[in-house]
Amino acid sequence: MEQIIVGVADCRVGHAPEQVLATFALGSCIGLSVYDPKAAVGGMLHYMLPDSTIDPARGRANPYMFADTGIPKLVEQVCGQGANHRRLLAHAAGGASMMDPQAIFDIGKRNYLALRKILWKAGILLAGEAVGGSNSRTIRLEIGSGRLWLQENGKQKELVPSFPQKGGN
Amino acid sequence: MTDTSIHLALRESVVEVLEKMFFVEAITDLAPEIAAQSPAVLVALQFDGNPPGVFRMSLARSAAALIAADFLGEDPESLTVPQVEEVAKELANMICGAVLSRIESRVTFRLAAPELVTQDAISGTVCTVETGSGMLTAGIDMETRTCSTTARSAS
Amino acid sequence: MAYRVLITDDSPAMRSFVRRVIQLSGFELSHCFEAGDGEEALDLLRREWVDAILTDINMPGVDGEELLRRLAADEMLRSVPAIVISTDATENRISRLLSLGARGYVTKPFRPETLRAELERILGVPVD
């Protein structure tokens, strides 16, 4: 097994079955994992902030710091390794409120809204997510199987589709 | 139904609709005087319920264009004015429905089709939020129970 | 699989949104028909066969509830599953619509993934 670590404001792609992409300590940051089950290619992005327009120079220097510059790059890179955009399974973790709940700017929530908006515009729906709350999270994507593992509160579980079947949500 | 609880229902509904379907984080509890300095799309819709009333929404045009583009998954430059206005009408429809679901949980309400209006003061219980690209003000004006009782006994 | 879906809503913006969700849910080979109210929907259903009907409730003319009643009363159409998409989240409305034959219910505002889950439940998960 070859573990490829995705750091903060970083993005990696894997296309060999023994590879595992992992990112740690997702607090208010978002870890986004995408995987094409047919091509067996996957990618992972760990971004910190929703919007690069606050610092366009930084957005150019490190696009992976921001949702709006990082997510399109992640998709471009996995597709460059043979993934098909239409087949991508996306999972997200993070977006927690790590600070005082009275804080005016909830970066975790803003990161999550930015994720949803950019994925919707890119034509990708989420297959599963573990977001919000106040826990730190770690995610691992197995390129061989496409399985996405979530670690939270010392426990590990597989992130499977978690959207309700009925209306009201 | 106190004005406070209607206000809470209104604010919760504005935030919920903007976040869930339009991916906008609304900054709430702004003073209404700040709003409506820039050109805005104005929507009004009547509803039957217990009590009936009118819902109105004012959305800064700058915000309306970006919100519509995000909702439809298109570029802002490619949208027509009617497309932007249709999204604004649906936004108003959803906020109104969400408010009424919260405050009239036992009664079936009916919403009329939302309409664009040119001049309409936003009265009743009002909430103003910043969408990040312009202000949104929503107001729900419900006929008081005294009035509707009088109307029934008069007919 | 290429499904045929009828989207009934008086808001063209909402019809576009729903069409996009259907396409992004893996049902991109589906054909989406659109109708602005219940009458238009019934007219279309007399000419075209569909696998599912998605309908709003508050529409001018023949509204969603009346549409469900007429579908249930029609020998051929009563087997076509209908999913209601509505702003009305009240218990009264939901239970009435389910008793009128609605097979699914999605409350506006909704996440695209929620509508996808309902479509998969009614139509089955799309297979490559």
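This is a tour of a predicted model, with a selection to make at each stop.

**Confidence**

Start with the whole complex, for which the predictor gives an ipTM of 0.91 and a pTM of 0.91. Colour by pLDDT and select chain A, where the average is 91 and 91% of the residues score at least 70. Within chain A, go to residues 162–169, where the pLDDT is below 50. This stretch still has 19 contacts in the model beyond near neighbours in sequence. Where pLDDT is low, the predicted coordinates should not be read in detail. Now select chain C, which averages a pLDDT of 92, with 96% of the residues scoring at least 70.

**Chain A: three alanines and a leucine**

Select A:Ala9, in the loop between β1 (2–5) and β2 (10–14) of chain A. A:Ala9 is not a glycine, yet its phi is positive, about 55 degrees. A:Ala9 counts as partly exposed because 18 other C-beta atoms lie within 10 Å, between the limits of 12 or fewer for exposed and 20 or more for buried.

Next select A:Ala25, in strand β3 (residues 19–26) of chain A. A:Ala25 also has a positive phi without being a glycine, here about 50 degrees. With 13 other C-beta atoms within 10 Å, A:Ala25 is partly exposed.

Move to A:Ala61, in helix α1 (residues 56–61) of chain A. Is A:Ala61 buried or exposed? A:Ala61 has 9 other C-beta atoms within 10 Å, so this residue is exposed. For a distance to check in the viewer, take the C-alpha atoms of A:Ala61 and A:Val6: they are 17 Å apart, and the two residues are separated by 55 positions along the chain.

Then select A:Leu32 and show what surrounds this residue. Leaving aside neighbours within four places in sequence, A:Leu32 is in contact with A:Met44, A:Leu45, A:Ile71, A:Leu74, A:Ala90, A:Ala92 and A:Leu115.

**The largest nonpolar core**

A:Leu32 also belongs to the largest nonpolar core, a set of 129 residues. Along with A:Leu32, the residues with the most contacts inside this core are B:Val14, B:Ala64 and B:Ile95. Select helix α3 (residues 81–103) of chain B, which supplies the largest share of the core, eleven residues. In soluble globular proteins, nonpolar side chains tend to be buried together.

**Chain B and its side facing chain C**

Show chain B as a cartoon: it has four helices and six strands. Read from the N terminus, the order of elements is α-β-β-α-α-β-β-β-β-α. Of the 155 residues in chain B, 46% are buried. Among contacts in chain B between residues at least 6 apart in sequence, 68% join residues at least 24 apart.

Now add chain C and select the contacting residues: 22 residues of chain B meet 20 residues of chain C. On the chain B side, the elements that give two or more residues are α1 (3–22), α2 (61–72), α3 and β3 (110–111). Which element of chain B gives the largest share of this side? That is α3(B), with nine residues. Coloured by class, the side of chain B that touches chain C has nine nonpolar, six polar and seven charged residues.

**Chain C: two prolines**

Select C:Pro60, in the loop between β3 (52–55) and α3 (64–73) of chain C. C:Pro60 is exposed, with 12 other C-beta atoms within 10 Å. Not counting residues up to four places away in sequence, C:Pro60 touches B:Ala113, C:Asp10 and C:Asp37. The C-alpha atoms of C:Pro60 and C:Asp37 are 6.6 Å apart, although 23 residues separate the two along the chain.

Continue to C:Pro109, in the loop between β5 (104–107) and α5 of chain C. The peptide bond from C:Lys108 to C:Pro109 is cis, with omega near 0 degrees.

**Chain C: a helix pair**

Finish with helix α1 (residues 12–24) and helix α5 (residues 112–123) of chain C, which pack at an angle of about 65 degrees with their axes 10 Å apart. The crossing of α1(C) past α5(C) is right-handed. To see the contact, select C:Val18, C:Val21, C:Ile22 and C:Leu24 of α1(C), then C:Pro112, C:Leu115, C:Arg116 and C:Leu119 of α5(C). By class, the residues of this contact are seven nonpolar, no polar and one charged.

Note on methods:
Residues numbered from 1 in each chain as written. Chains lettered and ligands numbered in written order. Predicted model: local features only at pLDDT ≥ 70, side-chain atom pairs only at ≥ 80, totals over all residues. Core = buried A, V, L, I, M, F, W, Y, C linked by C-beta atoms within 7 Å. Contact = placed C-beta atoms within 7 Å. pLDDT = per-residue confidence, 0-100. Nonpolar A, V, L, I, M, F, W, Y, C, P; charged D, E, K, R; others polar. Axes fitted to C-alpha atoms, helices over the stretch in contact; angles between N-to-C directions. Left-handed = near helix turned anticlockwise from the far one by under 90°.
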